[in-house]
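Colleague: Please take one part of this model and look at it closely, and then set it against the parts around it and the chain as a whole. I would like to see the numbers behind each statement.

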Amino acid sequence: MSETTTTRRSRITPEREAELYGAVLDLLREVGYDAVTMDAVAARTRSSKATLYRQWGGKAELVVRALHSQKPGSIADIDTGSLRGDLHGIIGREDDCAMAQNAALMRALAMAVHQNDDLRRAFKELLVEPEMEEFRRMIRRAVDRGEIRPDNPALDYMVHMLVGAFATRTLIDDLPPTREFLTSYIDAVVLPALGVPSH
């Protein structure tokens with residue numbers, strides 16, 4: 001986070017921030033990214049537009065930070081001593097209801113990310129890149145433990161595999177992603193691709 005962003009965002013209480021983020025996510029679910037406006041957020045949260053712009057700079061940053069606020073903690077904090085345990089630990093952080101809600105939010109944003117440069121930049125900078133770095137740390141630990149060969153070609157595709165399973169479950173099976181589905185997918189697809197025993 002830049003010093004400017006830290007300074008700009010330091011004037012709001014955590015409780016108020018959580019309330020604003022909740023309202024933004026509700027609006028996203030109701031109307032989609034394109035129809036979310038700073039006016040609508042201001043009205044929903046009894047805030048001034050000037051305050052919202054001062055705190056977040058614009059809609060893209062506000063939306064991505066609202067999404068980030070829903071993360072149940074850092075992936076890097078999960079260290080069970082095995083890659084299988086770590087991946088199962090990631091899946092176990094959210095219940096099926098939260099996963100279904102997050103999948104719906106991601107679907108609502110998917111098209112907008114491709115059509116809006118500000119949103120794509122904020123999404124990548126504030127959500128994707130930090131998450132990728134956490135996954136890389138998890139993988140480095142597994143390599144250091146000798147679980148995965150450092151030259152395994154599937155390493156470059158691990159995140160793609162996980163995100164793909166999460167994102168396409170509804171499209172292919174007309175069902176939301178669930179813990180059971182993602183845990184089975186990790187054991188049947190991800191771990192074998194990495195050469196890691198799945199039991």
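Modeller: Let me begin with burial: a residue is buried when its relative accessible area is under 20%, exposed when it is over 50% and partly exposed in between, with a 1.4 Å probe and only protein chains considered. By that rule Glu180 is exposed, because its relative accessible area is 66%. Glu180 has its place in helix α10, and its C-alpha atom is separated by 33 Å from that of Val36, which is 144 residues away along the chain.

The model is predicted, so local features need a pLDDT of at least 70 and side-chain atom pairs one of 80 or more, whereas totals for chains, interfaces and linings use all residues. Residues are numbered from 1 along each chain as its sequence is written, and side-chain values use heavy atoms, without hydrogens or water.

The setting comes before the part itself. The protein chain has 10 helices and 0 strands, where helices (H or I, at least four residues) and strands (E, at least two) are DSSP runs numbered from the N terminus. Its C-alpha trace spans about 55 × 40 × 30 Å along the principal axes, and 40% of the 199 residues are buried. Contact here means heavy atoms within 4.5 Å; among the contacts in the chain with a separation of 6 or more, 68% are between residues 24 or more positions apart.

The part I have chosen is helix α7, which runs over residues 96–115. Its 20 residues reach 30 Å from the first C-alpha to the last, close to the 28 Å expected, the expectation being 1.5 Å times one less than the number of residues. The helix nevertheless bends by about 35° at Leu109, the bend being the angle between axes fitted to the seven residues ending at a position and the seven starting there. Leu109 is itself one of the buried residues of α7, together with Met99, Asn102, Ala103, Leu105, Ala112 and Val113. As background to such a list, an α-helix has 3.6 residues a turn, so residues three or four places apart point the same way. The buried residues of α7 pack against α2 (14–31), α5 (59–69), α6 (83–92), α8 (117–144), α9 (158–173) and α10 (179–194).

Within α7, Met99 deserves a closer look: with a relative accessible area of 2%, Met99 is buried. Leaving aside neighbours within four places in sequence, Met99 is in contact with Ile91, Glu94, Phe166, Pro177, Thr178, Arg179 and Leu182. Met99 and Thr183 are 84 residues apart in sequence, and their C-alpha atoms are 13 Å apart in space.

Of the partners of α7, α9 can be described in some detail. Its 16 residues should span 22 Å at 1.5 Å a residue, which agrees with the 21 Å between its end C-alpha atoms, and α9 bends by about 40° at Ala167. Its buried residues are Met158, Val159, Met161, Leu162, Ala165, Phe166 and Arg169, and they pack against α6, α7, α8 and α10. Arg169, which lies in α9, is buried, since its relative accessible area is 12%. Setting aside neighbours within four places in sequence, Arg169 touches Asp174, Leu175, Pro176, Pro177, Thr178 and Phe181. Asp174, just after α9, takes a positive phi of about 55°.

Helix α2 is another element against which the buried residues of α7 pack. The 18 residues of α2 should span 26 Å at 1.5 Å a residue, and the end C-alpha atoms are indeed 26 Å apart. Buried in α2 are Glu17, Leu20, Tyr21, Ala23, Val24, Leu25, Leu27 and Leu28, and Gly32, just after this helix, takes a positive phi of about 85°.

Finally, UniProt, in an unreviewed entry, assigns "domain: HTH tetR-type" to residues 14–74, and over that stretch the chain is 74% helix and 0% strand, with end C-alpha atoms 18 Å apart. The unreviewed entry also places a "DNA-binding region" at residues 37–56, where the chain is 80% helix and 0% strand and the end C-alpha atoms are 13 Å apart. UniProt positions follow the numbering used here, feature names are shortened, and annotations may be inferred rather than shown by experiment.
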